[in-house]
Every structure is written in C-alpha cells, then in structure tokens.
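Please open the structure in your viewer and keep the sequence beside it, so that each selection can be followed in both. The tour moves from one stop to the next, and at every stop there is something to select and something to look for.

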Amino acid sequence: MEYNKAFRNALEVVKEEIKSILKEKETAIIAIDGRCGSGKTTLANAISEDFNCNVFHMDDFYLPLEKRTKERLDESGGNIDRQRFLEEVIVPARNSEAVFYKAFDCKLQSLKPTVTMKPKSIVIIEGSYSCHNDFYALYDLHIFLTILSETQKERIIKRNGEDGYKAFENKWIPFEEKYFKEQDVKSKCELVFEMG
C-alpha cells in the first residue's frame with residue numbers, strides 16, 4: 001500500500017519504539033488511539049506487516065444494547081464494554097496468555113463466535129477509547145493520531161458515505177471528543193502524530 005509522508009514517518013518512529021521496548025520486556029502492548037479517520041487501523045495493520053503481532057480492535061467491544069443506559073452513555077468512553085475488553089484481552093495479553101474473545105457485530109447487535117489468539121510478543125490495541133483510564137497503565141506505549149476536521153470528513157465520507165458521515169458527525173465524533181477532553185488523552189500519549 002502507498003502511504004503518505006506523515007504516515008511513513010509515524011510508522012518508522014513507532015517501529016523503533018517497539019524495538020526499544022522489546023529490548024527491556026518480553027511483551028510490548030501498544031495502544032493506538034485518536035480521532036476517527038486518522039489512520040489507527042491502517043497504522044496497526046502496517047505494523048503487523050513488519051512484526052509478528054496480535055491486533056485487537058476497540059470496535060469489537062462496543063457496548064451491547066441491553067447495557068446502553070443513559071447513565072452509561074453519559075460516561076467518558078461509556079459506549080465501550082470496558083470490563084469485557086479488560087478481562088478478555090488486556091489481562092491475558094499482559095500475562096502472555098492466549099486471548100479468547102468475542103467481537104461485537106454492530107450490524108447484528110450481537111457477539112460473534114469466540115476467536116482465539118495465541119500469545120505474541122507484540123500486542124496492538126487500536127481504536128478510539130484504547131487509552132481509557134481503565135486500562136491506560138497496562139500499556140507499554142500510548143500513541144495518539146489526530147487529523148484536520150476537513151480531512152477527517154473526506155475520509156469518513158469515502159469510507160462510510162454521506163449518510164454514514166452524518167452518524168459520525170452527530171454521534172460518534174462528539175462521543176470521542178468528550179472522551180479525549182475529559183481524560184486528556186492526547187497529552188498522556190508518548191507519541192502524537194498529525195495525520196493530515
């Protein structure tokens with residue numbers, strides 16, 4: 001895949017950081033957080049092309065309908081099933097154990113069959129809310145990707161269409177921005193990249 005200069009630079013910096021962590025630790029757990037459309041999934045996939053690693057997506061841990069109370073959705077990062085993510089992914093990965101988890105299917109609003117991931121020395125967690133306070137301390141590296149609002153809009157429309165963008169504009173982007181602000185996510189990350 002052809003990447004722009006900002007992306008290539010970010011990728012090289014992150015790869016060097018991972019190598020540095022692995023000189024000190026057997027397992028490196030990396031969080032890639034940031035604004036929608038900024039390239040979190042693309043960066044995680046690019047890292048996995050050069051390293052033998054497990055990649056987990058925060059989108060797989062959206063909160064099921066039965067848990068979506070007004071009180072819960074008013075919380076910072078309340079639309080993520082944080083407890084399930086912590087128990088099924090972060091704790092076993094931190095202990096270098098196999099991970100058994102069920103991804104949430106947003107279209108069907110139900111959990112998919114269990115996926116098994118054998119332990120690997122590099123674990124990438126990508127997606128908004130990955131640096132949530134509930135799991136922040138369990139990572140070895142925190143990355144934040146940001147993007148200009150116009151570029152963000154263009155990328156979301158290209159990926160999700162005009163109607164899809166309206167859902168992001170009215171719901172998902174405000175959810176993210178609330179979380180970024182309340183938990184001061186950007187300033188807590190060791191690496192911050194402007195992606196366009």
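Begin by selecting Lys15, and then show what lies around Lys15: leaving aside residues up to four places away in sequence, Lys15 touches Asp50 and Phe51. The model you are looking at is a predicted one. Lys15 belongs to helix H1, and with a relative accessible area of 12% Lys15 counts as buried, because the cut-off for that word is under 20%.

**The two helices**

Next, select helix H1 (residues 5-24) together with helix H2 (residues 40-50), and turn the view until you can compare their axes, which are 10 Å apart and make an angle of about 55°. That angle makes H1 oblique to H2, and the crossing of the two helices is right-handed. Which residues make the contact? On the side of H1 they are Phe7, Leu11, Val14, Lys15 and Ile18, while H2 brings Thr42, Leu43, Ala46, Ile47 and Asp50. If you colour this contact between H1 and H2 by class, you will find seven nonpolar residues, one polar residue and two charged residues.

**The sheet**

Now hide the helices for a moment and select the five strands that form an open sheet, which follow one another in the order E2-E5-E1-E6-E7 with parallel pairing. Strand E2 (53-57) and strand E7 (191-194) each have a single partner strand, so one side of each is left without a neighbour in the sheet. Looking across the sheet, you can see that neighbouring strands are turned by 20° against each other on average, with direction ignored. Bring H1 back into view, and you will see that this helix packs on the sheet, where H1 touches E1, strand E5 (122-126), E6 and E7, and that the direction of H1 makes about 170° with that of E7.

**Walking across the strands**

Start the walk at the edge with E2, a mostly covered strand in which four of the five residues are buried. Five bridges join E2 to E5, and the two strands run parallel; to find one of these places, select Asn54, whose bridge partner in E5 is Val123.

Move on to E5, where five of the five residues are buried. How do its residues point? Show the side chains, and you will see Ile122, Ile124 and Glu126 pointing one way from E5 and Val123 and Ile125 the other way, all of them buried. In a regular strand the side chains alternate between the two faces of the sheet.

From E5, step to E1, which runs parallel to E5 and is joined to E5 by five bridges. Select Ile30 here, and look across to Ile124 in E5, which stands opposite Ile30. On its other pairing, strand E1 (residues 28-34) meets strand E6 (residues 141-146) in the parallel sense over five bridges, and Asp33 stands opposite Phe144 in E6.

The walk ends at E7, which runs parallel to E6 and is joined to E6 by four bridges. Select Thr146, and you will find Glu194 of E7 opposite. Within E7, Leu191 and Phe193 lie on a covered face, whereas Val192 and Glu194 lie on an uncovered one.

**Just past the last strand**

Continue into the segment after E7 and select Gly196, which counts as partly exposed at 30% relative accessibility. Leaving aside residues up to four places away in sequence, Gly196 touches Thr146, Ile147, Leu148 and Thr151. Then add Ser38 to the selection: Gly196 and Ser38 are 158 residues apart in sequence, yet their C-alpha atoms are 7.7 Å apart in space.

**Two loops to finish**

For the last stops, keep in mind that most residues other than glycine have a negative phi. Select Ser96, in the loop between helix H4 (82-94) and strand E3 (99-105), and read its phi, which is positive and near 55°. Ser96 is partly exposed, with a relative accessible area of 38%. Then go to Asp184, in the loop between helix H5 (149-182) and helix H6 (185-188), where phi is again positive, near 50°. Is Asp184 buried or partly exposed? With a relative accessible area of 44%, Asp184 is partly exposed.

Technical notes
Residues are numbered from 1 along each chain as its sequence is written. This is a predicted model: local features need pLDDT of at least 70, side-chain atom pairs count only at pLDDT 80 or more; totals for chains, interfaces and linings use all residues. Side-chain values use heavy atoms; hydrogens and water are left out. Two strands pair if DSSP finds at least two bridges between them. Axes are lines fitted to C-alpha atoms, for helices over the stretch in contact, and angles run from 0 to 180 degrees between N-to-C directions. Contact means heavy atoms within 4.5 Å. Angles under 35 degrees count as roughly parallel, over 145 as roughly antiparallel, 65 to 115 as roughly perpendicular and the rest as oblique. A crossing is left-handed if the near helix is turned anticlockwise from the far one by less than a right angle, and right-handed if clockwise. Ala, Val, Leu, Ile, Met, Phe, Trp, Tyr, Cys and Pro count as nonpolar, Asp, Glu, Lys and Arg as charged, and the others, Gly among them, as polar. Buried means under 20% relative accessible area, exposed over 50%, partly exposed in between (1.4 Å probe, protein chains only).
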